[in-house]
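Work through the exercises below with the sequence and the model side by side. Try each task before reading its solution.

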Amino acid sequence: AAVYGPIIQALTQYFPAMEQRQKVNVLVPGAGLSRLSVELAKLGFNACGNEFSYHMLITGHYLMNHMRCANQYTLYPYVDTTLNLVRRSDQLSAAMIPDLCTIEQAEAIQQGGLSMVAGDFLEVYNRPTEHDQWEAVVSCFFIDTAHNVLDYLTCIYKILCPGGILVNIGPLLYHFADSTSEASIELSLDEVLHAASQVGFVPITNVQLLPTTYTNNPLSMKQMVYQAAFFVLQKPFSAPLAAPQQGQKAE
């Protein structure tokens with residue numbers, strides 16, 4: 001709720017008419033196990049996830065297509081954790097999956113659309129056939145997975161329809177920051193927002209820093225909390241007029 005809630009609120013406010021949402025194409029890059037994509041499809045949106053990781057794709061496929069009911073399996077995610085335990089029994093805390101079964105929710109999901117595209121985000125979407133095709137892009141813990149966040153911002157701007165929105169929430173962990181063999185550009189949040197404005201985006205919400213955890217054990221004596229940046233940017237309906245070059249008169 002801490003992460004998906006603001007995303008859902010932004011999309012439903014911007015696209016309030018339920019009966020028209022099936023025509024609203026929403027791309028979720030870095031979709032992981034597709035839980036957010038499923039939630040958006042339930043709300044009537046035509047949601048498409050994009051994922052690069054084989055681990056996520058295989059597991060997500062199983063969750064969406066082969067689970068028969070909610071809470072079908074019991075996992076013990078902390079069984080190999082021996083540190084920061086309050087009680088020994090905390091080590092055997094159980095997690096039931098999935099919390100929502102797509103087969104059980106098929107009727108609700110069919111009101112929208114649900115699909116998944118495998119592949120690297122830039123390789124799949126940084127092509128002319130994808131330009132101006134998406135009414136919204138949801139970046140949930142995603143933009144910091146880039147080698148160069150400017151490439152992501154530019155690609156997202158190109159694929160959005162005029163008037164389309166980028167809904168972002170997440171930290172700036174920058175996954176390749178510690179790599180000695182791969183390039184990584186690590187911008188601060190204010191630099192990311194400035195770069196987005198240079199690409200052409202305009203903000204339609206103020207930036208909020210929302211506390212949230214990530215794969216966290218709530219029973220542990222050690223807690224890690226992100227101040228995730230939430231903001232909504234829009235691609236203008238029309239491109240700004242180019243400034244006249246020196247020696248030319250403005251029309």
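**Exercise 1: a residue in a helix**

At 17% relative accessibility, Leu63 counts as buried (buried means under 20% relative accessible area, exposed over 50%, partly exposed in between, with a 1.4 Å probe and protein chains only). This is a predicted model: local features need pLDDT of at least 70, side-chain atom pairs count only at pLDDT 80 or more, and totals for chains, interfaces and linings use all residues. Residues are numbered from 1 along each chain as its sequence is written, and side-chain values use heavy atoms, leaving out hydrogens and water.

Task: find where Leu63 lies and which residues Leu63 touches.

Solution.
- Step 1. Locate Leu63 in helix α3, residues 54-65. Helices (H or I, at least four residues) and strands (E, at least two) are DSSP runs, numbered from the N terminus.
- Step 2. List the contacts (heavy atoms within 4.5 Å). Leaving aside residues up to four places away in sequence, Leu63 touches Leu33, Pro98 and Thr102.
- Step 3. Take Pro98. Leu63 and Pro98 are 35 residues apart in sequence, yet their C-alpha atoms are 7.2 Å apart.

**Exercise 2: helix faces**

Task: decide how the buried residues of α1 and of α7 are arranged around each helix.

Solution.
- Step 1. Recall the geometry. An α-helix has 3.6 residues a turn, so residues three or four places apart point the same way.
- Step 2. In α1 (residues 4-14), pick out the buried Pro6, Ile7, Ala10 and Leu11. Seen down the axis of α1, they fall within an arc of 125 degrees, so they line one face. The arc is that of the directions from the helix axis to the C-beta atoms.
- Step 3. Ask what covers them. The cover of α1 includes β6, β7 and β10.
- Step 4. Repeat for α7. Here Val192, Ala195 and Ala196 are buried. Their arc is within 105 degrees, so they too line one face of the helix.
- Step 5. Turn α7 over. The face away from its buried side carries the exposed Asp190 and Gln198.
- Step 6. Move past the end. Gly200 follows α7, and its phi is positive, near 135 degrees.

**Exercise 3: the strand β7**

Task: state how β7 is enclosed and which strands pair with β7.

Solution.
- Step 1. Count the buried residues. In β7 (residues 160-170), 10 of the 11 residues are buried, so the strand is largely enclosed by the rest of the structure.
- Step 2. Find the parallel partner. Six bridges join β6 (residues 134-140) to β7; strands pair if DSSP finds at least two bridges between them. Trp134 stands opposite Leu160.
- Step 3. Find the antiparallel partner. β10 (residues 226-234) pairs with β7 over six bridges. Gly170 stands opposite Ala229.

**Exercise 4: aromatic rings**

Task: classify the ring pair of Phe121 and Tyr152 and the ring pair of Tyr157 and Phe201.

Solution.
- Step 1. Apply the rule. Rings of Phe, Tyr and Trp (its six-membered ring) pair if their centres lie within 6.5 Å; planes under 30 degrees apart count as stacked, over 60 as edge-to-face and the rest as tilted. The count is 11 aromatic pairs.
- Step 2. For Phe121 and Tyr152, the centres are 5.4 Å apart and the planes at 80 degrees, so the pair is edge-to-face. Phe121 lies in α5 and Tyr152 in α6, so the pair ties together parts 31 residues apart in sequence.
- Step 3. Check burial. Phe121 is buried, with a relative accessible area of 3%.
- Step 4. For Tyr157 and Phe201, the centres are 5.1 Å apart and the planes at 85 degrees, so this pair is edge-to-face. Both residues are buried.
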